[in-house]
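The following paragraphs lead through a protein structure, from a helix to its nonpolar core and then to its surface. Please keep the sequence and the model in view while reading.

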Amino acid sequence: NGVFNTLGLVRGEFVSMKDKTDIGIPLCSIKAFIPIIETLKGKDENGKEKKGFTELLRENTKGKAFPVTKFSHWQKVKGDPLIKDSLSNKVIMNIRDRKGGMKMEIPQFTDYYDKIN
């Protein structure tokens, strides 16, 4: 199924599915959790252009599915952001790259520490 394939591409977590064909409506509602960073267009960790979630979903379902999104909850990203190539480090580096003008390294405490003598 195109919807479930798309969820797998964006680290989505399937929650539930409601089928309304029993009342004569050809509609299926799927609830899933997707990290917001995965829904945005941009560059992946290899620097290649990445499609947004809506574009991926429509492409994988031949235009038959469409997303309705709302914020659900915060969840900690796995991994240590100070360890290079961990998932949390990749997320931070992608954000820093997207914002532009930021160093592509995690700032050190001394970068912000106000030295008063």
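Helix α4 (residues 87-99) contains 13 residues and spans 19 Å from its first C-alpha to its last, close to the 18 Å expected at 1.5 Å a residue, where the expected span is 1.5 Å times one less than the number of residues. Helices (H or I, at least four residues) and strands (E, at least two) are DSSP runs numbered from the N terminus. The model is predicted, with local features requiring pLDDT of at least 70 and side-chain atom pairs pLDDT 80 or more, while totals for chains, interfaces and linings use all residues. Residues are numbered from 1 along each chain as its sequence is written, and side-chain values use heavy atoms, without hydrogens and water.

In α4, the buried residues (under 20% relative accessible area, 1.4 Å probe, protein chains only) are Ser88, Asn89, Val91, Met93 and Arg96. Gly100, with a positive phi near 75°, follows α4.

The largest nonpolar core, a set of buried Ala, Val, Leu, Ile, Met, Phe, Trp, Tyr and Cys residues joined through side-chain atoms within 4.5 Å, consists of six residues: Val3, Val10, Phe53, Leu56, Leu57 and Ala65. Helix α3 (residues 53-60) supplies the largest share of this core, three residues.

Strand β2 (residues 28-33) holds Lys31, which is partly exposed (from 20% to 50%) at a relative accessible area of 46%. Beyond its neighbours within four places in sequence, Lys31 is in contact (heavy atoms within 4.5 Å) with Phe14, Val15 and Ser16. Phe14 lies in strand β1 (residues 13-19) and is partly exposed, with a relative accessible area of 40%.
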